[in-house]
Amino acid sequence: MIWEIPELSSAYHTIRVYPAVGILNLDYVAYVPARATAIVKDQVVLDDQDPVGPGKLIKYTGSWNRVSGQAADLTNGYAFNKTYSDTSSVGASYTFAFTGA
């Protein structure tokens, strides 16, 4: 885990992430679903290139590179599901909306 939002209430949230400088990598998003949702899991992990992800649960704006397979080998291990997305473009971002914490 690179960062987290501590003490986030169990409600509807929209998170927007963008690079201020340098390269932004997105490997996966994880969250705890609210008890009132139909998802009955302790934690949901959504890959950056999940079929229900890009353009659906994870929304990308701007220019993003999609990396997969052997190219997704990182210096400190493998990316989740051997995929990640990255950008260094000004104005690029991703948003993720969910109900949970």
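**Group meeting: two sheets and a surface patch**

Valine 45 is found in strand β4, which covers residues 44–47. I begin with this residue, and I should say at once that the model before you is predicted. At 37% relative accessibility, valine 45 counts as partly exposed, because that class lies between the limits of 20% for buried and 50% for exposed. Together with Tyr28 and Phe80, Val45 makes a nonpolar surface patch of about 240 Å².

Let me now turn to the protein as a whole. How many helices and strands does the secondary structure contain? There are zero helices and ten strands. Along the sequence, the pattern accordingly reads β-β-β-β-β-β-β-β-β-β.

The next topic is the first of two sheets that I wish to describe. Strands β1, β10 and β5 form an open sheet in the order β1-β10-β5, and their pairing is antiparallel. Which strands stand at the edges of this sheet? They are β1, residues 11–17, and β5, residues 58–61; each has a single partner strand, so one side of each is left without a neighbour in the sheet. From one strand to the next, the twist averages 15 degrees. Between β5 and β10, the latter being residues 93–100, the antiparallel pairing runs over four bridges. For those following on the structure, isoleucine 58 stands opposite phenylalanine 96 in β10.

I come to the other sheet. This is likewise an open sheet of three strands with antiparallel pairing, here in the order β2-β9-β6. The edge positions belong to β2, residues 24–26, and β6, residues 65–68; because each has a single partner strand, one side of each lacks a neighbour in the sheet. Neighbouring strands in this sheet are turned against each other by 25 degrees on average, direction ignored. Strand β6 pairs with β9, residues 83–87, in the antiparallel sense, again over four bridges. Asparagine 65 has aspartate 86 in β9 as its bridge partner.

Finally, some totals for the protein. Of its 101 residues, 33% are buried. The exposed surface comes to about 6800 Å², of which carbon and sulfur atoms supply 54%. What share of the contacts between residues at least 6 apart in sequence joins residues at least 24 apart? The figure is 62%.

To close, I return to the two sheets: β1-β10-β5 and β2-β9-β6. The patch of Tyr28, Val45 and Phe80 completes what I wished to show. Thank you for your attention.

How values were computed: Residues are numbered from 1 along each chain as its sequence is written. This is a predicted model: local features need pLDDT of at least 70, side-chain atom pairs count only at pLDDT 80 or more; totals for chains, interfaces and linings use all residues. Side-chain values use heavy atoms; hydrogens and water are left out. Two strands pair if DSSP finds at least two bridges between them. Axes are lines fitted to C-alpha atoms, for helices over the stretch in contact, and angles run from 0 to 180 degrees between N-to-C directions. Buried means under 20% relative accessible area, exposed over 50%, partly exposed in between (1.4 Å probe, protein chains only). Contact means heavy atoms within 4.5 Å. Accessible areas come from the Shrake-Rupley method with a 1.4 Å probe; for residues, only the protein chains shown count as cover. Patches are made of residues with over 30% relative accessible area and no salt bridge: like charges are joined within 9 Å, nonpolar side chains (Val, Leu, Ile, Met, Phe, Trp, Tyr) within 5 Å. A salt bridge is a side-chain nitrogen of Lys or Arg within 4 Å of a carboxyl oxygen of Asp or Glu.
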